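User: Hey, I'm new to this one. Can you walk me through it?
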Amino acid sequence: MTIRNVTRRSVLAGGAAAFTMPRIALAAPTILRAEPVVAQILPIGDGQTAMLGLNGSTPGPELRLTQGARLDVRFENQIGSDSALHWHGIRIDNAMDGVPGMTQDPVSDGDHFDYSFLAPDAGTFWYHSHSRSWEQVEQGLYGPLIVEEAEPPKVDHDITVVIDDWRLQEDGTLAGGFGNRHDFAHAGRLGNFARALPSVSKVRRGDRLRLRLINAATARVFPVMMTGGIGKVVALDGMPLPTPRDISDIVLAPAQRTDLIVDVTDTLRFDFPTRDEPYELGRIEVEGENPSPITGDISALPPAHVTTPGTPDHELTLIMEGGAMGGRHTGNDIWALNGHSGLPDTPFATFNRGETARIRLINDTAFPHGIHLHGHHFFEETAGTLGDFRDTTLLNRGETRDILCVFDNPGKWLLHCHMLGHQAAGMKTWVEVI
Ligand code: C2O
Ligand code: CU
């Protein structure tokens with residue numbers, strides 16, 4: 001895979017980030033105000049970018065709370081059009097899921113909505129607009145949501161690394177045409193400039209870091225090559241791995257997260273491998289030496305509450321269809337799921353609370369898709385055994401994957417492609433848990 005259309009200067013941009021992402025510890029109710037912001041996405045001196053953000057910045061502030069605590073956020077909309085916030089990956093009350101037209105009314109300009117829920121799982125999550133998301137997320141309406149363990153693993157720094165790409169003009173202006181049908185029919189709106197934005201820019205050699213990678217891009221799948229640290233992958237999509245895994249071939253589909261714990265050996269670099277030289281997404285500089293490094297094995301994070309699926313009550317199939325170079329389907333838009341484009345009037349499936357379903361996902365298209373289920377995590381099934389526990393699963397072209405899910409969270413939940421242009425052009429459906 002190559003990063004296409006990326007300008008040459010972007011390779012040089014790593015160290016020049018003028019990026020700020022305030023951290024809000026959620027001990028008290030907080031206001032998140034969506035509004036136009038000006039961002040320094042290109043290196044300083046290369047022009048600024050008019051975007052949308054929260055409380056003055058994009059990404060919006062990093063929200064932090066402790067597992068089991070309540071998040072109370074008043075979302076104020078001042079962007080000039082409807083919006084709403086979705087809390088991606090968090091297994092919360094359906095009424096707080098932030099999907100306009102399904103779980104709440106759209107929040108109109110000048111209006112507000114109060115989100116309030118208990119955070120059931122510790123892990124790396126994020127929030128983003130779910131209103132014309134292919135446009136508003138692209139414009140910057142998102143931020144990290146970090147739920148800390150009651151007893152977090154001992155590290156010197158807990159660092160969030162937001163990865164995104166943007167389609168920029170020479171002067172830094174965000175290119176328009178968010179609803180471009182040609183983009184939608186292909187891989188989606190790929191940017192021509194990409195960055196990994198760490199929340200900490202300097203560490204010491206020997207420091208132990210927790211790195212929380214979040215792919216906030218609306219279309220691009222990011223392979224990430226990390227150098228300068230030795231460690232393990234400890235969580236995927238917020239959920240702890242039962243056994244930490246060696247770091248190799250990190251790949252994040254849009255909306256996916258990967259948590260690492262690493263010991264710093266050198267300047268920490270995040271690269272996007274390309275056919276020629278790697279494209280630097282970002283780096284964390286090293287200064288000085290940690291005199292008393294944390295030693296000991298990197299062990300598993302405390303396990304999440306997971307109901308192991310039993311024999312499935314439902315065997316279902318969901319076929320991704322359409323797009324450029326794709327076959328015919330009976331839907332009335334570019335993309336379809338089981339022959340239907342866009343949200344059907346009746347759900348793809350209805351489950352009694354607690355039932356298990358195996359869903360065979362078949363990618364019968366020429367493009368990758370990251371399929372996301374709201375309100376639940378599911379197991380990727382590989383060769384009959386339970387694999388990773390995720391909220392978004394990546395299917396490359398032609399690929400088939402079974403997922404197993406215990407539908408134990410009542411409500412109406414979206415199931416859609418997180419290549420947000422694909423979702424906009426038909427690749428979405430929903431399930432109901434009663
Ligand atoms: Cu990350 Cu339907 O969303
Ligand atoms: Cu897709």
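Analyst: Sure. One term before we start: two strands count as paired if DSSP finds at least two bridges between them. Also, this is a predicted model.

User: Okay, so how many bridges join strand 22 to strand 27?
Analyst: Eight, and the two strands run antiparallel. Strand 22 covers residues 355-363. In that pairing, threonine 356 stands opposite valine 406 of strand 27.

User: What sheet are strands 22 and 27 part of?
Analyst: An open sheet formed by six strands, in the order 20-19-22-27-24-25, with mixed pairing.

User: Which strands stand at the edges?
Analyst: Strand 20 (335-337) and strand 25 (385-390). Each has a single partner strand, so one side of each is left without a neighbour in the sheet. As for the twist, the average is 25° from one strand to the next.

User: What holds strands together in a sheet, generally?
Analyst: Strands pair through backbone hydrogen bonds, either parallel or antiparallel.

User: Switching topic: how many cavities of 30 Å³ or more are there?
Analyst: Two. The largest has a volume of about 90 Å³, and the second largest about 40 Å³.

User: What lines the largest cavity?
Analyst: There are 13 lining residues, and the ones nearest the centre are Arg91, His377, Phe389, Val406 and Asp408. Val406 is the residue that stands opposite threonine 356 in the sheet pairing.

User: Which strand gives the largest share of that lining?
Analyst: Strand 27, with three residues. Strand 24 (378-382) and strand 27 (400-407) each supply at least two residues of the lining.

User: And what's the mix of residue classes in the lining of the largest cavity?
Analyst: Eight are nonpolar, three polar and two charged.

User: What about the second largest cavity, which residues line that?
Analyst: The lining is made of Trp134, Phe178, Phe184, Gly188, Arg189, Thr218, Ala219, Leu420 and Gly421. By class, five of these are nonpolar, three polar and one charged.

User: Now the metal. What are the protein donors of the copper ion, ligand 2?
Analyst: His369 through ND1, Cys417 through SG and His422 through ND1. They lie 2.0 to 2.1 Å from the copper ion.

User: How are those donor residues spaced in sequence?
Analyst: The pattern is H-x47-C-x4-H. The two histidines link distant parts of the chain, being 53 residues apart. Histidine 369 sits in strand 23 (residues 369-373), while histidine 422 is in helix 3 (residues 420-424).

User: Is histidine 369 buried or exposed?
Analyst: Buried, with a relative accessible area of 0%. The cut-off for buried is under 20%. Histidine 422 also has 0% relative accessibility, so histidine 422 counts as buried too.

User: One more area: how many of the residues in strand 9 are buried?
Analyst: Six of its seven, so to put it simply, strand 9 (residues 142-148) is mostly covered.

User: Which strands pair with strand 9?
Analyst: Strand 4 (residues 62-66) runs parallel to strand 9, with four bridges joining them. Strand 8 (residues 123-129) pairs with strand 9 in the antiparallel sense, over six bridges.

User: What stands opposite isoleucine 146 of strand 9?
Analyst: Arginine 64 does in the pairing with strand 4, and threonine 124 does in the pairing with strand 8.

Terms used. Residues are numbered from 1 along each chain as its sequence is written. Chains are lettered from A and ligands numbered from 1 in the order in which they are written. This is a predicted model: local features need pLDDT of at least 70, side-chain atom pairs count only at pLDDT 80 or more; totals for chains, interfaces and linings use all residues. Side-chain values use heavy atoms; hydrogens and water are left out. On a 1 Å grid over the protein atoms alone, a cavity is a set of points where a 1.4 Å probe fits but cannot get out, and a pocket is an open set with protein on both sides within 12 Å along at least five of seven lines; lining residues have an atom within 4 Å of a point. Grid points are joined across faces, edges and corners, and a volume is the space filled by probe spheres set on the points. Ala, Val, Leu, Ile, Met, Phe, Trp, Tyr, Cys and Pro count as nonpolar, Asp, Glu, Lys and Arg as charged, and the others, Gly among them, as polar. Axes are lines fitted to C-alpha atoms, for helices over the stretch in contact, and angles run from 0 to 180 degrees between N-to-C directions. Donors are N, O and S atoms within 2.8 Å of the metal (3.2 Å for Na, K and Ca); water is not among the atoms, so sites may look incomplete. Buried means under 20% relative accessible area, exposed over 50%, partly exposed in between (1.4 Å probe, protein chains only).
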